[in-house]
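Please open the structure in your viewer and keep the selection panel at hand. The tour below moves from one selection to the next and says what is there at each stop.

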Amino acid sequence: MKLTLKHAIVAFGVLTILAACGGGGGDTPAPVDPGPTLEERQADQRDAIETAIGTAQTAVAAVDNDSTNAEVGAADSAIVAARSAIAAAVDVPAAEKSANTGTVNALASRLTAAKNARQMAMDDARDAADAAMMALAAKLYPGIYAPAADATGTEVGDVHAAYNADDSAIVVTIGDGTSANANNLSEDKKTMVADNHGWKGKRYADPAGGPMVEAVVYSNVEAPTQGRKFGSAEPGTGETRAFEYMLVNGVLNADNADGVGATDNVFVAARVGFTNVTRTAGTETFSLPSPNPNDVGAINIPGSYHGVPGTYKCVPAAGTTSCTASVAASGFTLSTADTWTFTPGNANAMVTEMTDSAYASYGWWIHKAENDGDFTASAFHDFKGTAGTVDIADLVGGTATYMGGATGKYALHSTTGGTNDAGHFTASAMLEADFEDDMIMGTIDNFMGADGMSRNWSVELMEQGFSSTGQILGDDGSDGGTAKMTKWTIDGTTADAAGSWSGNLREEGSDGVPKVVTGTFYSEFGRDAGKMVGAFGANKDD
């Protein structure tokens, strides 16, 4: 047979195709993967449904009256996920999917019932809280008073508070119509109070029982600083010495306890501390063991002196079996009839220069009468220790800004559907002093209410004068002046001027400008029958 060019071309094409397909004696083609079988697909889809339904069951079971919004949301999402898993199971028989859908529908109904019960419980709780708040506001509102200038007033509403003569307590005086009743509040060392704009917080209370009187106080206390090493047998002399105290065989005796070589024979009360002793008034007694089979003659008491931990040793006076220590304004006064020594745990530890004992303070107080009786509340400011007075007569110009905090009591009371809100607040304080005109004004804002939530409030302290001794009152700070008023703004609405405010510029600086300002304010808001009494303390903004 005769081959033509056409035959050659066809033959070449056939050979090319065979080569591409691995023909002509080459490798065989790879088998095509058919994918999961129907049974495998059904198994995977059933697993997904089972997992989703299990997650939904757990999430729904967790929803009760105490559940958070996040927990309720998780249950809702789990129901949606279970429905999606069923819808995606295209290879599972319809009857089986229908049964799964019934299970999810039952879970959804159960979740709806739990959510409804939770909402009812929340509504009941809110109604109860609203009723309790209305009752508190109704009780606190009539008992909020502006502080009086002194403690001599006897009429109802004559209220005053200040440190006592030795600064060991706060005296709250309340007029009852015939007399001024004094309540002595001691520091509550067990209750912590957070600082407010850098001023240290403390709680004071009446420890005698009966009507409950308490105060929350913020003080401009400077932080303690470290001093010399505690002590040695040869501490050196003068301000450059390495050690604070002279020790005898590693022990500090009373005759050296107020400085190297001192002979006053006393431990400085403000430097004495006892471990686990929380007494705030009166006398602490430390006794020998009873019975005392080993005839122990001394009492070992863990504590600290001048900030250094160690152990006190006390030998009771002849014929006695105990030693006593009385609460002082700061620390403890050790009985001089007994013999006291102190052994530091580490004689090379640095003493801590004692906490500032002269500082400005401000705060609020409340008196709660017996048997759920009336409330009386007000605010105060004072200076603990040396008065911190100023003489600024020579200042004839310049300005100063003071920044700090405020606190107090408030009540918004309405019986016609308005706001009921009451309790204590904290806030920011800013004051501007002009030493050219001897005038000062201020603003209290950034309020936080009793529930810890912010309030859209501000209080304007309207401009008034101050005297050369720093008294803020009236046109010129004189004792005969009339305190200027305040303006309370709530949610952008400002009430008419009302109430009053006053204060003192304190602690003259090296430049002659007072470093601190404290004061009190009383304000009213007519629309919602609001009352507020507070106090502030602020430091010069350098």
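**First stop: the helices**

Select helix α3 (residues 69-88) together with helix α4 (residues 94-140), which pack at an angle of about 165° with their axes 10 Å apart; axes here are lines fitted to C-alpha atoms, for helices over the stretch in contact, and angles run from 0 to 180 degrees between N-to-C directions. That angle makes α3 roughly antiparallel to α4, a term for angles over 145 degrees. This is a predicted model, in which local features need pLDDT of at least 70 and side-chain atom pairs count only at pLDDT 80 or more, whereas totals for chains, interfaces and linings use all residues. Residues are numbered from 1 along each chain as its sequence is written, and side-chain values use heavy atoms, with hydrogens and water left out. Helices (H or I, at least four residues) and strands (E, at least two) are DSSP runs, numbered from the N terminus.

Turn the view to see α3 pass α4 in a left-handed crossing, meaning that the near helix is turned anticlockwise from the far one by less than a right angle. Show side chains at the contact (heavy atoms within 4.5 Å), which includes V72, D76, I79 and R83 of α3 and V104, L107, L111 and R118 of α4. By class, this contact has 10 nonpolar, four polar and five charged residues, where Ala, Val, Leu, Ile, Met, Phe, Trp, Tyr, Cys and Pro count as nonpolar, Asp, Glu, Lys and Arg as charged, and the others, Gly among them, as polar.

Keep α3 and add helix α2 (residues 38-61), which packs with α3 at an angle of about 165°, their axes 8 Å apart. α2 and α3 are therefore roughly antiparallel to each other, and α2 passes α3 in a left-handed crossing. Among the residues that make the contact are A48, I49, A52 and A56 of α2 and A75, A78, A82 and I86 of α3. How many of the residues in the contact of α2 with α3 are charged? There are no charged residues, with 16 nonpolar and two polar.

**Second stop: the sheets**

Next, select the open sheet of seven strands, which has the order β1-β2-β3-β4-β5-β17-β18 and antiparallel pairing; two strands pair if DSSP finds at least two bridges between them. At the edges stand β1 (159-163) and β18 (375-384), each with a single partner strand, so one side of each is left without a neighbour in the sheet. The twist averages 25° from one strand to the next. Strand β17 (residues 359-368) is joined to β18 by 10 bridges, and Y359 stands opposite K384 in β18.

Then move to the open sheet of 10 strands, again with antiparallel pairing, in the order β23-β26-β27-β28-β19-β20-β21-β22-β24-β25. Its edge strands, β23 (471-472) and β25 (493-494), each pair on one side only. Adding α4 shows that helix packing on this sheet, where it touches β19 (399-412) and β20 (421-434), and its direction makes about 55° with that of β20.

**Last stop: a hairpin and the whole chain**

Select strand β13 (residues 322-327) and strand β14 (residues 332-334), an antiparallel pair over three bridges in which A325 stands opposite L334. They form a hairpin with four residues between them, and G331 in the turn has a positive phi of about 85°.

Finally, display the whole protein, which has four helices and 28 strands. Its radius of gyration, taken over C-alpha atoms, is 39 Å, well over the 24 Å that the globule rule (2.2 Å times the number of residues to the power 0.38) gives for 542 residues, so the protein is more spread out than a compact globule.

Note on methods
Parallel < 35°, antiparallel > 145°, perpendicular 65-115°, else oblique.
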